[in-house]
Amino acid sequence: MSITTDSRVPWYTPAAEVKIEKATYAKDKPHQGKVLAAVQAHADDIPFFCAGLCAKLIDEGYTAYLIQTTNDEKCGPGTMGEAIAQNEREIEVLAREIGFKQVIHLGYRNHFLDEAAPTELRARLVFLIRSLKIDTITTFNPWGHWEENPDHTITGQAVEAARWMAGMGKDYPEQIQAGMKGHSVLDKYYWAIRPGSPYNLVTDISTHLDKKIESMATNKSQGPAGSAGRGLKARLAAKGLKLEELGEDDETADRAYIRLFGLDENKRMGQPYDLEYAEYHYYFPPGGTFTHSNRRERIDDYVKDHAKKL
């Protein structure tokens, strides 16, 4: 996507070859038996940055878990305690809407995740990767620039370290002694959310757009679009006006508002690739660019061509 002169509009950087995944409903479930973890810091992260991708992967056979690192105490109605409770309720609803099997709350202080012990956070994530046998992760880009929220940065970096260490046998040996085995994360999808964010995967989310809208609508506490429809409906009614698209009840109005006005960024992402709606991610396939398997194959080929009898 080309750089914009409007500093309020984020722009993204294509990295190497960009792959486009068209929207389809999976019939043969190519990912049956695999496990996905979406790791967010706040209740509105997954709805905005990867709800379409998660719905697509779950439709293709993944069993998915939502992992939340902070307690969202700073974002929501009432006291901090009331905000925590309301956000937790809303996260449970958004998980059901997208199709997650379970929500796991780690409970660190909102906006103060950088005060948490990095080794503790990493150990908890390694434990989850090993115990749930997570194959695929989607979260913040751990190397992302222009990030203003420390919770985003810490979450992404902790996940990146944990997914690497989880496959080893000598890190957190007490977990291994308790019966777990090292488990390597096969692939990862990092979110493109800040100016200059790299991406190499464009996902057509039109088939799963309703699930993205539902997930955004659940986020009443802090999402800018979660309850905006009912607000617009009330303001128009006070002036003796109405929009037919907003329907007759508040929930319908909220969803209609998101469909009309809350998906502009996803439309903009789709335009360069002739898609109606899209999400961008920086995707790392299994093994990366060079693996031990590649090396073994190269060694085997070399031995076959050059080895001589003793």
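1. Helices and strands here are DSSP runs: at least four residues for a helix, at least two for a strand. On that basis the chain has eleven helices and eight strands. Keep in mind that this is a predicted model.

2. Next, the overall size. The radius of gyration of the chain is 22 Å. The globule rule gives 19 Å for 310 residues, and the two values are close, so the chain is as compact as a globular protein of that length. The C-alpha trace spans about 95 × 45 × 40 Å along its principal axes.

3. How much of the chain is buried? Buried residues account for 46% of the 310. Turn to the contacts with a separation of 6 or more: 79% of them link residues 24 or more positions apart.

4. Now the surface. The accessible surface of the chain is about 16,000 Å². Carbon and sulfur atoms hold 54% of that area.

5. Count the charges too. There are 39 positive and 45 negative side chains in the chain. The centres of these two sets are 6 Å apart.

6. How many disulfides does the structure hold? The count is zero. Cysteine 50 has its nearest cysteine sulfur, that of cysteine 54, 3.6 Å away, and cysteine 50 is in no disulfide. A disulfide needs two cysteine sulfur atoms within 2.5 Å.

7. Why is cysteine 75 too far for a bond? Its closest cysteine sulfur is in cysteine 50, and that one is 18 Å away.

8. Are these two cysteines buried or exposed? Cysteine 50 is buried, with a relative accessible area of 0%. Cysteine 75 is also buried, because its relative accessible area is 19% and the cut-off is under 20%.

Note on methods:
Residues numbered from 1 in each chain as written. Predicted model: local features only at pLDDT ≥ 70, side-chain atom pairs only at ≥ 80, totals over all residues. Heavy atoms only, no water. Buried < 20%, exposed > 50% of the residue type's maximum accessible area, 1.4 Å probe, protein only. Rg over C-alpha atoms; globule rule 2.2 N^0.38 Å. Contact = heavy atoms within 4.5 Å. Areas by Shrake-Rupley, 256 points an atom, 1.4 Å probe, with all protein chains shown as cover. Lys, Arg positive; Asp, Glu negative; His and termini not counted. Charge placed at Lys NZ, Arg CZ, Asp CG, Glu CD.
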